[in-house]
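Visitor: I would like a close look at a single part of this model, followed outward into its surroundings. Please take one side-chain contact as the starting point and build the picture from there.

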Amino acid sequence: MTKAYPFEPEEAPPEYRGIPRIDPVLCIGCGACANACPPNAILRIDDPENGTRRIVLDVGRCIRCARCEEVCPTGAVRLTAEFEAATDDRSDHVEVVELRLARCRGCGKYTCYTERQVEKVLSLIPRGILDFDRVREKLPLCSECKLKLTVLNATKFGEVEP
């Protein structure tokens, strides 16, 4: 039987893996999706000068393997039921989420993680088990300041903090 497609939309089967989309509200910019993407359809690009991280999804490179969806800790990446990717404009295939990098509490430089990542980690810390304020003070440190703090704490070995 001849169908009226493309004049009438065709519905994809429920198990179909369609075009992935990133919810910019849920994305924390961790880059887990970029690390898991076999064809490098998702890239994590840091700009330490301006303090931004961009998560760039190129649907034209995507093989619909769903690894990005599986590893996303916030559910920001979802495969849709969309299957029509044809377009005249290449920019229709590119989705960009831009997030702010966190500043180091020690030196003020931008760190290698986003402000949303810091918020997410802090939201996961169970209250009453760890000293929340102390963790919050130490969390946004750059690798250099973490190293300095580690060396400083190592020299205090054996001393008891009040």
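Guide: In this predicted model, the side chain of D58 makes a polar contact of 2.6 Å with the side chain of R90. D58 is found in strand β3, and its relative accessibility of 11% is under the 20% limit, so D58 counts as buried. Leaving aside its neighbours within four places in sequence, D58 is in contact not only with R90 but also with A41, H93 and V94.

One of these partners, H93, leads on to T87, which touches both D92 and H93 when residues up to four places away in sequence are not counted. T87 lies in the loop between β4 and β5, and its side chain is joined to that of D92 by a polar contact of 2.4 Å. Unlike the buried D58, T87 is partly exposed, with a relative accessible area of 33%.

The strand that carries D58 is β3, and β3 belongs to an open sheet of 4 strands in the order β2-β3-β5-β6, with antiparallel pairing. The edges of this sheet are β2 (42–47) and β6 (110–114), each of which pairs on one side only. Neighbouring strands are turned by 30° against each other on average, with direction ignored.

At the β6 edge, 2 bridges join this strand to β5 (residues 94–103), and the two run antiparallel. R103 stands opposite Y110 in β6. The strands β5 and β6 form a hairpin with 6 residues between them, and in its turn G108 has a positive phi of about 90°. Although β6 is an edge strand, 4 of its 5 residues are buried, so β6 is largely enclosed by the rest of the structure.

Helix α3 (residues 115–124) lies across β3 (52–58), β5 and β6, and runs at about 60° to β6. Within this helix is Q117, which counts as buried because its relative accessibility is 16%. A polar atom of the Q117 side chain lies 2.8 Å from the backbone nitrogen of T114. Not counting residues up to four places away in sequence, Q117 also touches I28, G29, C30 and R53.

The nonpolar residues can be followed in a similar way. In soluble globular proteins, nonpolar side chains tend to be buried together. The largest nonpolar core here has 20 residues, of which I22, C27, I42 and I55 touch the most other members. At least two residues of this core are supplied by each of α1 (32–36), β3, β4 (77–79) and β5. For C27, leaving aside neighbours within four places in sequence, the contacts are I22, I55, T74, A76, V97, L99 and R116. A second, separate core has 6 residues, including A102, Y113, I125 and F132.

The cysteines deserve a separate check, since a disulfide is a covalent bond between the sulfur atoms of two cysteines. The structure holds 0 disulfides. For C37, the closest cysteine sulfur is that of C65, and the separation of 6.0 Å is too far for a bond. The surroundings of these two residues can be stated separately: C37 counts as buried because its relative accessibility is 12%, whereas C65, at 22%, counts as partly exposed.

Close to C65 in numbering, two residues call for attention in their backbone geometry. R64 has a positive phi of about 60° although it is not a glycine, and A66, likewise a residue other than glycine, has a positive phi near 75°. R64 lies in the loop between β3 and α2 (67–71), and the place of A66 is in the loop between β3 and α2 as well. R64 is buried, with a relative accessible area of 18%, and A66 is buried too, with a value of 7%.

To return to the starting point, the contact between D58 and R90 involves a buried residue of strand β3, and β3 stands between β2 and β5 in the order of the open sheet.

Key:
Residues numbered from 1 in each chain as written. Predicted model: local features only at pLDDT ≥ 70, side-chain atom pairs only at ≥ 80, totals over all residues. Heavy atoms only, no water. Pairing = 2+ DSSP bridges. Axes fitted to C-alpha atoms, helices over the stretch in contact; angles between N-to-C directions. Contact = heavy atoms within 4.5 Å. Core = buried A, V, L, I, M, F, W, Y, C linked by side-chain atoms within 4.5 Å. Buried < 20%, exposed > 50% of the residue type's maximum accessible area, 1.4 Å probe, protein only. Polar contact = N/O pair within 3.5 Å; in protein donor to acceptor, adjacent residues only side chain to side chain. Disulfide = S-S within 2.5 Å.
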